[in-house]
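User: I would like to learn how to read a few features of a protein model. Where should I begin?
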Amino acid sequence: MTPSGPSTACDCTDRTTRRSFLTGIGGLGLAGLATVADRTSATVGSRSADSRVGDGPFDDLDELEMFVDEVMAERVGTITPGATVAVVSGDTPLLTRGYGSADVDSGDPVRADETVFRVGSVGKLVTYTAVVQGVERGVLDLDTDVNAYLGGSAVTVPDTHGDPVTLRHLGTHTAGFESALDPEVVADPDALEPLETVLADRQPPRIRPPGELVGYSNYGAALAGHVVAEAHGTTFEAYVQSEIFEPLGMTHSTFAQPVPSDRPGELAAPHVRDGGSFSVADDAYINMRPAGSLSATATDMAAFVRAHLGGGAVDDARILGAETAETMHSRHHVRHPAVTNWRYGFHEYGDPDANLVAHSGATVDFTSYLLLAPDRDVGIFVAYNSNPSEHPKAVIDEIVAEYDLQEAPTAPTPTSRPGGRERAETVAGEYSLSSLPRSGPLQVVDLLEHLIVEPAGERHLRTATLDGDVRQWVETDPYVYEELGGHDVLAFEVTDGAVDVANMSSEPTGVYQPVPSHERQLVTGGVLGATVSGFGISLVGWGGHSAWQRWTQFRRGGDPGTEDTE
């Protein structure tokens, strides 16, 4: 559904010691570490049969299993009641594991091959895979006006900016629709409507020309799924079932809601924190199904990962031609050459030169993350049956760092070009993220994510957000700043001495746009010492929390005026 928020660099200063420790105890067998893991979680799953698995990054399966068990033991029972993990190398699912409770009321453990998780926006990767299947078959084209495929549908995209909206725009979130966090979530499955009705009746305004800027769009992904259905004369759910899930043996996967009773496996319960423990929450349903209603097991997601790593094929089953898969994994929109950009459906992760691609997912009470490292022939999937402040991306970050799937960050080299202080003063100000709503009850979320930028000496910047994320940056090229101690990059586009947009690697789902002075909510001068910390910010933060709680309470059918406060 919604994208994850800003990421911070993983502190991996002790990773050599930890990995050496794990390797050292490998000869003692797995029983000792399993005992450590089981203090917080039941661990149920499978692994590749061979301990030594070749020359890839995961050359010792025992070590990989112990490492993942340790990483998950730190989280299961504390930040989430249950989790599921898949690690794939080439055509081999090295590890598919379940951790903790699928349902804290029943006590059922998570089983990697049986427990179905709602994976949210990770399901968009299935949607966009379906799009490129249509391109390969000649029934769709990435650069044709989407209206050409909607002739028999009630949905139409008005021509408000001259250039038409295309499937390429939908797959890179550059169609220009106003962003919305809510993909039409409802509490009652009886309130689900036909996808065509939702798209026709709740189309957001087009606020910018297509192809101009990234602005994450649940509506755009849902529209892409509807185009697939219209082009093939079927429903979206039926299409992906027959053309993706069945060929890949993804027997537990479905976009249908509620999950059909005859579907194998058991759906993990959604959870919320209840004091020091977790309680089962009511389920939620997504009207814009292609944008986030996928339910799947870790084993099924491993099959999907194998197809993308294997040039579109798993064993004898092929869902994409090798050339089509390569095209999907290539860049389709460049925000700025120094930062992460968009492949088709995937966004880049971490260092743009590392060729890592990913997607996050979050429903009301589930979260997930999927990453591919094509050059290393590796894929990783992690999902939680909760929506905590630390999302599954943190687990991915640790695995990426531990197994050197990208180079460790180095100290930035400052640019030798003069005028660094003047450039820092030019970019100083307050910025709003294009992937967040600018109107409606959730626009307060946009305020909470405002980025404050201020000079910090020659060739240096400081940035801060309301949640206290304060970071230091070094200018390495004019208007391009690298984070101290991390992989993040902040690149500004400046015309005639004024900032047009700012691009941040860790925020691929949008761009930062300057907030006009008459609309600014924060005082930018001395922000780090006064604005970000202080009573005023506490009030703003509490107001945003309250608004978010009221929205989720409303969507669950409760009384928005009587929600509990924490």
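Analyst: Begin with burial, because a residue counts as buried when its relative accessible area is under 20% and as exposed when that area is over 50%. Keep in mind that this is a predicted model.

User: Which charged side chains should I look at with that in mind?

Analyst: Take Asp 488 and Arg 471, both of which are buried. Their side chains meet in a salt bridge, with 2.8 Å from N to O. Asp 488 lies in the loop between strand S22 (480-483) and strand S23 (489-495), while Arg 471 is in strand S21 (residues 471-477), so the pair ties together parts that are 17 residues apart in sequence.

User: Which residues are joined into one network by salt bridges that share partners?

Analyst: Glu 74, Arg 75, Glu 390 and Glu 398 are joined in this way. One link in the network is the salt bridge between Glu 398 and Arg 75, at 3.0 Å from N to O. Glu 398 lies in helix H11 (residues 393-402) and Arg 75 in the loop between helix H3 (61-73) and strand S2 (82-89), so this pair ties together parts that are 323 residues apart in sequence. Both Glu 398 and Arg 75 are buried.

User: What is the distance between the closest N and O atoms of Arg 75 and Glu 74?

Analyst: Those atoms are 3.7 Å apart, and the two residues form a salt bridge. Arg 75 has 7% relative accessibility, so this residue counts as buried. Glu 74 has 41% relative accessibility and therefore counts as partly exposed.

User: How many salt bridges does the count come to?

Analyst: The count comes to 22 salt bridges.

User: How do I read a pair of aromatic rings?

Analyst: A pair of this kind is described by two values, the distance of the centres and the angle of the planes. Here the count comes to 10 aromatic pairs. In one of them, the ring centres of Phe 67 and Tyr 403 are 5.8 Å apart and the planes stand at 85 degrees, so the pair is edge-to-face. Phe 67 lies in helix H3 and Tyr 403 in the loop between H11 and helix H12 (420-427), so the pair ties together parts that are 336 residues apart in sequence. Both Phe 67 and Tyr 403 are buried. Ring pairs also link Phe 58, Phe 67 and Tyr 403 into a cluster.

User: How should I read a helix, and is H4 mostly covered or mostly uncovered?

Analyst: An α-helix has 3.6 residues a turn, so residues three or four places apart point the same way. Helix H4 (residues 124-137) has 14 residues and reaches 20 Å from its first C-alpha to its last, close to the 20 Å expected at 1.5 Å a residue. H4 is mostly covered, with 11 of its 14 residues buried. Among the buried residues of H4 are Lys 124, Tyr 128, Val 132 and Gly 134. After H4 comes Gly 138, which has a positive phi near 85 degrees.

User: How many cavities of 30 Å³ or more does a search of the whole structure find?

Analyst: The search finds two. The largest cavity holds about 70 Å³ of space. Its lining has 12 residues, and Arg 118, Asp 283, Ala 284, Thr 363 and Val 364 are the ones nearest its centre.

User: How do the residues of that lining divide?

Analyst: The lining of the largest cavity divides into seven nonpolar, one polar and four charged residues.

Note on methods: Residues are numbered from 1 along each chain as its sequence is written. This is a predicted model: local features need pLDDT of at least 70, side-chain atom pairs count only at pLDDT 80 or more; totals for chains, interfaces and linings use all residues. Side-chain values use heavy atoms; hydrogens and water are left out. A salt bridge is a side-chain nitrogen of Lys or Arg within 4 Å of a carboxyl oxygen of Asp or Glu. Buried means under 20% relative accessible area, exposed over 50%, partly exposed in between (1.4 Å probe, protein chains only). Helices (H or I, at least four residues) and strands (E, at least two) are DSSP runs, numbered from the N terminus. Rings of Phe, Tyr and Trp (its six-membered ring) pair if their centres lie within 6.5 Å; planes under 30 degrees apart count as stacked, over 60 as edge-to-face and the rest as tilted. On a 1 Å grid over the protein atoms alone, a cavity is a set of points where a 1.4 Å probe fits but cannot get out, and a pocket is an open set with protein on both sides within 12 Å along at least five of seven lines; lining residues have an atom within 4 Å of a point. Grid points are joined across faces, edges and corners, and a volume is the space filled by probe spheres set on the points. Ala, Val, Leu, Ile, Met, Phe, Trp, Tyr, Cys and Pro count as nonpolar, Asp, Glu, Lys and Arg as charged, and the others, Gly among them, as polar. The expected span of a helix is 1.5 Å times one less than its number of residues.
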